[in-house]
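This report describes the strand pairing, the helix packing and the ligand surroundings of a single structure. The sequence and the model are shown first, and the description follows.

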Amino acid sequence: MKKIICILLAAAIMLLSGCTTANKLDSKEIFAMNTVMDFSVYGDDSEQLLKDIINKVNDIDSLLSVTNKNSDIYKINESNGAKTEVSADTAKLISDAKSLCEETGGTLDITVYPIVKAWGFTTEEYNVPDSEEISELLKNVNYSNIEVDSQQSTVTLKENMQIDLGAVAKGYTGKVLADYLKSNGASGILNLGGNVQTVGEKSDGSKWSVGIKDPSGSGAFAALSVGETSVITSGGYQRKFERDSVVYHHIIDPKTGYPANNGILSSTVICSDGLRGDALSTALYVMGTEKAIEYYKANKDFDMVLLGDDNTVYVTEGIKNDFKLSNGYDYSIKYI
Ligand code: AMP
Ligand code: MG
């Protein structure tokens with residue numbers, strides 16, 4: 001009798017918590033790609049899957065890092081105009097990133113790297129370059145000069161050009177990890193330094209909740225309820241320095257070579273494709289409010305939340321019912 005009561009109790013607890021052995025939860029925090037990442041995986045073999053995805057993150061990082069001397073990107077950047085052989089995945093990612101640069105009218109431009117370096121964002125030895133240096137460096141910024149041969153798995157840049165996939169790497173990684181977890185029947189929520197990728201459904205059928213960080217505080221100014229997707233935020237507040245009372249941040253307008261300053265404090269993109277979401281979050285930030293809204297209206301295959309520097313929040317119709325401003329934020333919301 002005692003045994004039966006125990007079994008019934010265990011079953012009731014499992015039902016109440018929505019937890020079965022098939023969706024055991026394992027979580028882990030790691031430091032990779034210069035940021036803290038936090039993974040929660042629900043699955044039959046969540047512990048092993050968690051190990052697998054952490055290995056995948058480290059593998060991708062060692063291919064894409066701009067500072068690791070063995071990475072594909074480092075080799076390309078040191079090639080001085082010569083054809084460079086890279087892994088098939090890197091060649092495909094660079095080719096996809098080039099298309100996204102094109103699609104966003106060059107507001108995303110992965111060849112802006114020499115300018116990012118000149119501002120010191122790569123080493124954190126910050127510096128304000130003079131305008132002549134910026135004009136000189138701008139001459140080599142042009143994504144259309146990247147040549148990718150997918151058959152041969154080679155990438156060729158022009159002399160003095162260099163690339164950096166920092167604007168798309170985390171979104172891309174989230175997408176790779178999500179595909180892997182899905183193919184193993186798992187679900188979860190992956191936070192790659194504020195870039196969130198959700199996988200599958202929560203066990204109780206409810207939506208995942210993702211906060212959007214307050215650019216000037218530690219909390220979230222809003223929360224989104226989402227199904228399986230990526231929620232990716234770009235903002236000048238994420239990496240910045242101050243010189244002579246002026247704040248300079250890490251998202252560079254490839255047309256000017258200076259930090260983009262077009263009225264947006266943060267741009268969040270909700271997109272089924274993490275790579276595209278990451279590319280767009282950076283590009284929309286550079287475009288500024290007006291052009292970003294125009295871009296959204298011309299495409300509508302993603303959703304976005306833009307926080308303007310006048311405390312107006314622009315929310316697209318697809319996410320309207322799943323967007324909630326946090327208590328204490330007196331922002332005006334405009335639905336588009
Ligand atoms: P994200 O945080 O995704 O907006 O990416 C910002 C990072 O991408 C920066 O730290 C730079 O390494 C790089 N970056 C900055 N501006 C651009 C740009 N306009 N296009 C492409 N990459 C950029
Ligand atoms: Mg980005």
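## The hairpin of β1 and β2

In this predicted model, residue I30 has M37 in β2 as its bridge partner. The pair belongs to an antiparallel arrangement in which β1 and β2 are joined over nine bridges. The two strands form a hairpin with two residues between them, and in this hairpin M33 takes a positive phi near 50 degrees.

## The sheet of nine strands

The strands β1 and β2 also open the written order of an open sheet of nine strands, β1-β2-β6-β7-β10-β13-β14-β15-β17, in which the pairing is mixed. The edges are held by β1, spanning residues 24-32, and by β17, spanning residues 332-335; each has a single partner strand, so that one side of each is left without a neighbour in the sheet. Averaged over the sheet and with direction ignored, neighbouring strands are turned by 10 degrees against each other.

Towards the β17 end of that order, strand β14 (residues 303-308) pairs with strand β15 (residues 312-315) in the antiparallel sense, and three bridges connect them. Within this pairing, L306 has Y314 of β15 as its bridge partner.

## Helices on the sheet

Helix α7, made of residues 169-183, packs on the nine-stranded sheet and touches β2 (35-43), β6 (187-192), β7 (195-199) and β10 (230-235), while its direction makes about 15 degrees with that of β7. Helix α9, made of residues 289-299, lies across β13 (264-271), β14 and β15, and its course runs at about 170 degrees to β14.

## The sheet of three strands and a further hairpin

A separate description applies to an open sheet of three strands, whose order is β8-β9-β16 and whose pairing is antiparallel. Its edge strands are β8 (208-213) and β16 (323-325), each of which pairs on one side only. Here the average turn between neighbouring strands, again with direction ignored, is 25 degrees. The pairing of β8 with strand β9 (residues 220-226) is antiparallel and extends over six bridges, and W208 stands opposite V226 of β9.

Strand β11 (residues 240-243) and strand β12 (residues 246-249) run antiparallel and are joined by four bridges, with F241 standing opposite Y248 of β12. The hairpin that these two strands form has two residues between the strands, and D244 takes a positive phi near 45 degrees in it.

## The surroundings of ligand 1

Ligand 1 has 18 residues around it, of which D164, S234, H250, I252 and T282 come nearest. By character, this shell divides into eight nonpolar, six polar and four charged residues. Helix α8, made of residues 274-287, gives the most to the shell, contributing three residues.

Several polar atoms of the protein can be placed relative to those of the ligand. An N or O atom in the side chain of H250 is 3.0 Å from an oxygen atom of ligand 1, and a polar side-chain atom of D278 likewise lies 3.0 Å from an oxygen atom of ligand 1. From the backbone, an N or O atom of I252 lies 2.8 Å from a nitrogen atom of ligand 1. Taken alone, ligand 1 exposes 500 Å², and the protein buries 94% of that area.

Technical notes
Residues are numbered from 1 along each chain as its sequence is written. Chains are lettered from A and ligands numbered from 1 in the order in which they are written. This is a predicted model: local features need pLDDT of at least 70, side-chain atom pairs count only at pLDDT 80 or more; totals for chains, interfaces and linings use all residues. Side-chain values use heavy atoms; hydrogens and water are left out. A residue is near a molecule or strand if one of its heavy atoms lies within 4 Å of it. A polar contact is a pair of N or O atoms within 3.5 Å; within protein, one must be able to donate a hydrogen and the other to accept it, and residues adjacent in sequence count only if both atoms are side-chain atoms. Accessible areas come from the Shrake-Rupley method with a 1.4 Å probe; for residues, only the protein chains shown count as cover. Ala, Val, Leu, Ile, Met, Phe, Trp, Tyr, Cys and Pro count as nonpolar, Asp, Glu, Lys and Arg as charged, and the others, Gly among them, as polar. Two strands pair if DSSP finds at least two bridges between them. Axes are lines fitted to C-alpha atoms, for helices over the stretch in contact, and angles run from 0 to 180 degrees between N-to-C directions. Contact means heavy atoms within 4.5 Å.
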